[in-house]
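User: Hi! I'm new to this one, could you walk me through it?
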Amino acid sequence: MRKTINLNSNWLFEINGKSETVNLPHCFNAADGNTPDYIRTRCSYTKELEALEGNAFLLVEGANSVTEVAVNGKVINTHKGGYSAFVTDLTPYIKNGCTIKIYVDNSDYDDVYPSSADFTFWGGIYRNVSLIVTENAHFSFSDYFSCGVYATPKKEDDKWTLGVKCIVDNMTPEMRIRYTLLDNNGAVYAQLESAETEVILDCKSPVLWNGMENPYLYTLKCELVENAETLDTVTQRVGFRTVEIDSEKGCFLNGNYLKLKGVSRHQDRKGMGNAITEREHREDLELILSIGANSVRLAHYQQNKYFYDLCDERGVLVWAEAPVISSFSPLKQDNAKRQLTELVKQNYNHPCIFCWGIENEITQNIKNSKNKSLVPCIKELNDLVKSLDSTRFTTCAQLSILSEESPLNRITDILGYNHYFGWYDFGFDFLNKWLDNFHLDYPSVKLCLSEYGAEGLVNLHSASPSQGDYSEEYQCRFHEEYIKAISSRDWLWGSYVWNMFDFGAANRHEGGVIGKNNKGLVTYDRQIKKDSYYLYKAFWSDEPFTHICGERFRTRKAGLYDIKVYSNRREVSLTVNGKVYTKSGEKIFVFPDIEIVKGENKLMAGEHGIVIIGADETDPSYSITAEESFVRNWEKKSGEESENYLTPESTVMELVNSHDAHIMVKGKLGKDLLNNPLLRLIYPVKIKTALKITRCFRMTKNEVMLLTEYTYAIHK
């Protein structure tokens with residue numbers, strides 16, 4: 001019979017000439033992963049294994065990103081991809097015991113996705129490692145390291161069946177497979193014994209997996225038997241359900257309309273990186289459920305099997321995706337296919353998964369996005385996934401600036417767009433125009449909003465929030481407009497807040513914070529629920545609550561303020577220093593001209609109370625300067641400041657915002673190289689630095705030299 005041995009304890013970890021004993025999961029960037037110069041290198045984990053009888057397989061559930069397994073000094077397996085599980089056959093070596101050394105490298109590779117993305121590429125063996133011991137005949141790991149059992153619920157007319165396919169190593173004619181489907185009480189619901197590795201179980205009137213209303217799960221038990229002996233057993237939970245999406249009517253689960261109210265999730269934690277445990281996974285899902293979300297986009301890579309299990313149990317619909325992201329390269333196509341195949345095969349049986357994401361913002365690098373092989377390669381990925389799983393949707397998330405006419409929008413079954421109108425560009429009111437125009441022009445496209453968000457730092461506040469101030473208050477204002485736009489359109493089948501949690505992004509430096517993306521509704525350490533968290537709770541949750549915004553906006557200049565309250569109650573009473581104000585409404589309640597006097601002011605609404613200190617001046621630490629705001633610099637219009645003092649030390653933003661620069665560059669080079677939207681991403685960079693990277697300006701080396709001469713010439 002199969003036996004699983006946990007190997008998480010006592011590994012000799014070696015990196016850059018240093019060594020220590022560690023337990024898994026382990027991330028060697030836990031301390032530096034939120035800095036731009038975090039370690040990206042090759043390291044190793046070593047462990048002695050005792051002698052064992054039988055077949056032995058080393059299961060590594062996640063190591064980033066290129067991993068080599070060596071036994072007794074010889075590399076016997078290499079895995080390229082930092083987010084899927086892989087198995088190494090140790091059978092020839094384990095009989096006398098052996099030394100295993102696992103090399104892990106989170107450096108950039110030309111043939112491995114991802115190379116560039118807005119998150120830290122955490123290094124190490126950050127998920128569990130175990131040894132699986134089997135008989136000679138066993139359910140196979142050879143099919144891209146899946147469990148070897150695939151269950152496919154299918155409905156035809158009103159009849160349900162469960163197709164089961166097994167892959168077995170070393171099966172003989174004398175062996176049979178016993179297929180047993182158990183209900184959630186453990187009673188036999190259907191059973192069949194056969195020498196065939198592919199069968200169909202008739203399932204009369206099964207209880208449906210009905211999302212959060214009733215996430216009913218059956219257990220499929222596959223036993224490999226010979227005579228009266230059971231040689232191997234694999235169990236998988238399955239659910240019967242249908243998901244349909246219509247371009248006009250939206251999403252339907254088991255025939256019933258269901259707006260997908262979603263958030264996106266990165267898996268890392270402050271001080272832990274990606275090396276999180278089941279405890280952190282459970283906490284994340286509880287926080288997601290607490291706002292009333294019914295769907296989650298697990299971006300931008302395959303996440304821990306345990307989290308998919310939790311979503312199965314709680315009825316959360318999952319958008320699962322592979323890390324084909326940002327910067328396209330045909331050199332990575334084989335790896336893209338490999339990682340997508342592992343994603344699908346390793347997670348095929350989860351009823352929570354309703355779509356497979358094949359790419360995210362793959363056109364972010366403009367030069368690479370113009371590669372003639374891009375569209376054929378993405379089509380190939382889509383066709384691959386459809387061949388692996390015809391029962392689920394394929395999807396992708398497009399960069400906001402991608403033309404609606406792009407052929408990339410005609411490949412997948414359903415489509416997402418990532419929009420940040422009101423944060424990086426335009427105003428948030430532009431979202432309504434974009435959505436309606438897109439739906440009018442392309443009514444057959446099944447569209448969702450796959451990302452949207454604004455940074456909200458819990459230490460920054462404003463009574464008059466504005467785009468680019470990084471305040472909690474502007475984040476709320478942004479999301480108020482988005483949630484209204486999303487809620488008012490049934491045809492928009494779903495939306496995914498970017499992000500549920502702040503997360504590590506080593507290359508960021510915004511709002512005075514290094515190494516983090518702060519668009520989360522909850523802080524990186526999961527300790528603070530931002531005011532925007534309660535906005536979504538008001539719109540999505542049925543649990544009665546009331547929340548006063550501005551609890552951390554504590555010390556303010558005494559005077560009149562609009563006090564905002566989020567609640568899913570129809571009437572809210574706000575008490576301020578003993579005086580009661582009452583309003584009827586929905587979700588967002590604004591009490592105008594509330595006096596904050598000097599000293600302590602006590603505010604209470606429902607079960608929530610806060611204290612505001614009235615002072616002579618608002619605490620100056622609540623705001624940042626315009627120069628510290630990446631977004632404000634991004635949005636700065638030309639002519640706002642003198643442009644006669646550009647030097648090589650000036651920023652790219654200053655160069656791009658110079659009207660004279662556009663005219664002179666076009667006159668000098670015959671084309672305006674400064675009209676490149678990707679330059680926004682390097683606005684804070686000095687011109688002399690940016691000129692070293694030709695792709696930033698889409699220039700030849702000769703053009704770089706000419707622009708360099710021009711830059712020095714305009715120093716006045």
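User: What is the bridge partner of Leu58 in β12?
Analyst: Leu58 pairs with Leu131 there. Keep in mind that this is a predicted model. Leu58's bridge belongs to the pairing of β5 (residues 55–60) with β12, where 6 bridges join the two strands.

User: Which way do β5 and β12 run, parallel or antiparallel?
Analyst: They run antiparallel. Strand β1 (residues 3–6) is also antiparallel to β12, joined to it by 4 bridges. In that pairing, Thr4 stands opposite Ile132.

User: And how many residues of β12 are buried?
Analyst: 6 of its 6 residues, so to speak the whole run from 129–134, are buried.

User: Which residues point which way from β12?
Analyst: Val129, Leu131 and Val133 point one way, while Ser130, Ile132 and Thr134 point the other. Both sets are buried.

User: Switching to cores. Which residues touch the most other members of the largest nonpolar core?
Analyst: Those are Phe354, Trp493 and Met500, in a core of 128 residues. Helix α8 (residues 472–487) gives this core its largest share, 7 residues. There is another core apart from it, with 34 residues, including Leu59, Val87, Cys98 and Val133. Val133 is one of the β12 residues we just talked about.

User: Back to Met500, what does it touch?
Analyst: Leaving out residues up to four places away in sequence, Met500 touches Val263, Ser264, Leu287, Ile288, Ile291, Gly520, Leu521, Val522 and Tyr533. Tyr533 is one of the buried residues in helix α9.

User: Why is α9 called largely enclosed?
Analyst: Because 9 of the 10 residues in α9 (residues 531–540) are buried, the rest of the structure largely encloses this helix. Among the buried ones are Asp531, Lys537 and Trp540.

User: New topic: where is Asn335?
Analyst: Asn335 sits in helix α4, which covers residues 333–346.

User: Is Asn335 buried or exposed?
Analyst: Buried, because its relative accessibility is 5% and the cut-off for buried is under 20%.

User: What does the side chain of Asn335 reach?
Analyst: It reaches the backbone nitrogen of Tyr113, at 3.0 Å.

User: And which residues is Asn335 in contact with?
Analyst: Setting aside neighbours within four places in sequence, Asn335 is in contact with Lys80, Asp111, Val112 and Tyr113. Tyr113 therefore turns up twice for Asn335, as a contact and through its backbone nitrogen.

Definitions and conventions
Residues numbered from 1 in each chain as written. Predicted model: local features only at pLDDT ≥ 70, side-chain atom pairs only at ≥ 80, totals over all residues. Heavy atoms only, no water. Buried < 20%, exposed > 50% of the residue type's maximum accessible area, 1.4 Å probe, protein only. Pairing = 2+ DSSP bridges. Polar contact = N/O pair within 3.5 Å; in protein donor to acceptor, adjacent residues only side chain to side chain. Contact = heavy atoms within 4.5 Å. Core = buried A, V, L, I, M, F, W, Y, C linked by side-chain atoms within 4.5 Å.
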